[in-house]
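Open your viewer, switch to a cartoon representation and keep the selection box handy. We will walk through this model one stop at a time.

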Amino acid sequence: MHKSFDDLTIADDFMFCKVMQDEEVCKTFLEMTLTGQIGKIIYLSSQNAIITGSEAKGIRLDILAKDENGKTYDIEMQAVNEHNLPKRMRYYQAAIDILFLDKGEHYSSLNDTYIIFLCLFDSVGKDKPVYTFENVCLEDRQTLLQDGTKKIIINASAFKKAEDKNLSGFLEYVKTGTVTTEFTGRIEKMIEKVKSTEQARNEYRFISGFEMDARYYGRQEGIKEGREEGIREGRKEGIKAGIAQGRSEGFADGLYQKALETAKLMRFENLGSDLISKVTGLSIEEVENL
């Protein structure tokens with residue numbers, strides 16, 4: 001979010017989401033990745049906030065899509081290796097299952113789900129362009145659990161090793177910005193169009209300011225509250241625990257207050273409630289009650 005709007009590429013979350021909101025682009029990417037046809041996309045949304053409980057860690061999905069056959073696809077752009085992809089994918093899968101399975105429904109109602117991370121680096125370390133994981137019986141290495149889940153990690157740095165030319169060209173574009181195919185040329189034109197749109201520029205400005213201010217405000221408030229709590233406890237363990245708890249609670253409070261401020265500014269700019277909700281994480285009702 002510290003990056004200039006004019007310097008954004010498809011490897012940046014903001015621009016990646018803008019590009020993948022196009023149904024044709026999203027469907028083409030999924031078919032290249034999964035090496036097969038998928039059904040017509042009937043639902044496509046970006047920056048979906050999922051909160052599974054008041055005390056649970058919330059997540060925000062880059063792209064969430066569903067096709068006419070009921071299959072669900074979560075697509076994430078990952079530019080920096082945080083060394084947590086396996087556990088992160090596990091948590092995302094659980095959150096998506098909770099999102100789509102209503103109370104009283106049978107477990108068989110769960111959709112087939114694909115968690116896809118498009119990375120600029122090789123998180124697995126085997127120098128393959130695509131890694132696909134399924135749950136398999138360890139006793140014979142052949143029997144699949146058939147729980148309807150697949151997790152896919154794409155390594156854009158290995159674009160030269162992708163057998164499919166279109167996939168190779170796309171990964172090269174993601175990694176280097178070089179246009180070599182009709183598909184990547186179309187994406188490049190889309191990005192140029194986004195950069196010429198004042199609304200997109202304002203949207204990025206709001207998101208950037210919101211993220212940076214909320215983190216700073218939450219961190220400062222958390223440290224202050226934690227220090228005070230730790231001092232009251234009067235022991236080293238209390239200070240340490242207090243700072244940790246205070247930082248967490250302070251960040252949450254700071255994030256919410258900043259979300260309200262950002263939402264008010266976006267309302268003043270006559271931006272829609274849906275967009276404001278996606279940017280700030282507030283509910284539609286909270287936005288409309290401002």
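Strands here are DSSP runs of E at least two residues long, numbered from the N terminus. With that in mind, remember that you are looking at a predicted model.

**The whole chain**

Start with everything selected. The protein chain holds 9 helices and 6 strands. Of its 290 residues, 40% count as buried. Among contacts between residues at least 6 apart in sequence, 59% join residues at least 24 apart.

**The sheet**

Now colour the strands. The 6 strands make up an open sheet with mixed pairing, in the order β1-β2-β3-β4-β6-β5. At its edges are β1 (41-50) and β5 (130-133), each of which pairs on one side only. Direction ignored, neighbouring strands of the sheet are turned by 20 degrees against each other on average.

**Stop one: β1 and S45**

Select S45, which lies in strand β1. Is S45 buried or exposed? S45 is buried, because its relative accessible area is 8%, below the 20% cut-off for that label. Show side chains and you will find a polar contact between the side chains of S45 and N48, at 3.2 Å. Leaving aside residues up to four places away in sequence, S45 touches D62, I63, L64 and K278.

**Stop two: β2 and its partners**

Move on to residues 59-67, strand β2. β2 is largely enclosed by the rest of the structure, because 7 of its 9 residues are buried. With β1, β2 pairs in the antiparallel sense over 8 bridges. With β3 (residues 72-78), β2 also runs antiparallel, joined by 4 bridges.

Select K66 to see both pairings in one place. Y43 has K66 as its bridge partner in β2, while the bridge partner of K66 in β3 is T72. Beside that, A65 stands opposite Y73 in β3. Then follow the chain round the hairpin formed by β2 and β3, which has 4 residues between the strands. In the turn, G70 has a positive phi of about 90 degrees.

**Stop three: helices on the sheet**

Three helices are worth selecting here.

- Residues 13-20 are helix α1, which packs on the sheet and touches β1, β2, β3 and β4 (113-119). The direction of α1 makes about 15 degrees with that of β2.
- Residues 85-100 are helix α3. Its buried residues are L85, R88, M89, Y92, Q93, A95 and I96, and they pack against β1, β2, β3, β4 and β6. How far apart should the ends of α3 be? At 1.5 Å a residue, its 16 residues should span 22 Å, and the end C-alpha atoms are indeed 22 Å apart.
- Residues 165-176 are helix α4, which lies across β3, β4, β5 and β6 (149-155) and runs at about 55 degrees to β4.

An α-helix has 3.6 residues a turn, so residues three or four places apart point the same way. Keep that in view as you look down each axis.

**Stop four: a closer look at α4**

Zoom in on α4. The expected span for its 12 residues, at 1.5 Å each, is 16 Å, which agrees with the 16 Å between its end C-alpha atoms. D164 caps the N-terminal end, with a side-chain oxygen 3.1 Å from the backbone nitrogen of N166. Following the helix comes G177, whose phi is positive, near 85 degrees. The buried residues of α4 are L167, S168, G169, F170, L171, E172, Y173 and V174.

**Stop five: the nonpolar cores**

Select I10, F29, L118, F170 and I187. Of the 54 residues in the largest nonpolar core, these touch the most other members. The largest share of this core, 6 residues, comes from α1.

Which residues surround L118, beyond those up to four places away in sequence? L118 touches F16, F29, E76, M77, Q78, I154, F170, L171 and V174. A second, separate core has 15 residues, including I59, M89, C119 and F121.

**Last stop: Y107**

Finish by selecting Y107, found in the loop between α3 and β4. Y107 is exposed, because its relative accessible area is 67%, over the 50% cut-off. For a final distance label, pick D97, which sits 10 residues away along the chain: the C-alpha atoms of Y107 and D97 are separated by 9.7 Å.

Conventions: Residues are numbered from 1 along each chain as its sequence is written. This is a predicted model: local features need pLDDT of at least 70, side-chain atom pairs count only at pLDDT 80 or more; totals for chains, interfaces and linings use all residues. Side-chain values use heavy atoms; hydrogens and water are left out. Two strands pair if DSSP finds at least two bridges between them. Axes are lines fitted to C-alpha atoms, for helices over the stretch in contact, and angles run from 0 to 180 degrees between N-to-C directions. Contact means heavy atoms within 4.5 Å. Buried means under 20% relative accessible area, exposed over 50%, partly exposed in between (1.4 Å probe, protein chains only). A polar contact is a pair of N or O atoms within 3.5 Å; within protein, one must be able to donate a hydrogen and the other to accept it, and residues adjacent in sequence count only if both atoms are side-chain atoms. A nonpolar core is a set of buried Ala, Val, Leu, Ile, Met, Phe, Trp, Tyr and Cys residues joined through side-chain atoms within 4.5 Å. The expected span of a helix is 1.5 Å times one less than its number of residues.
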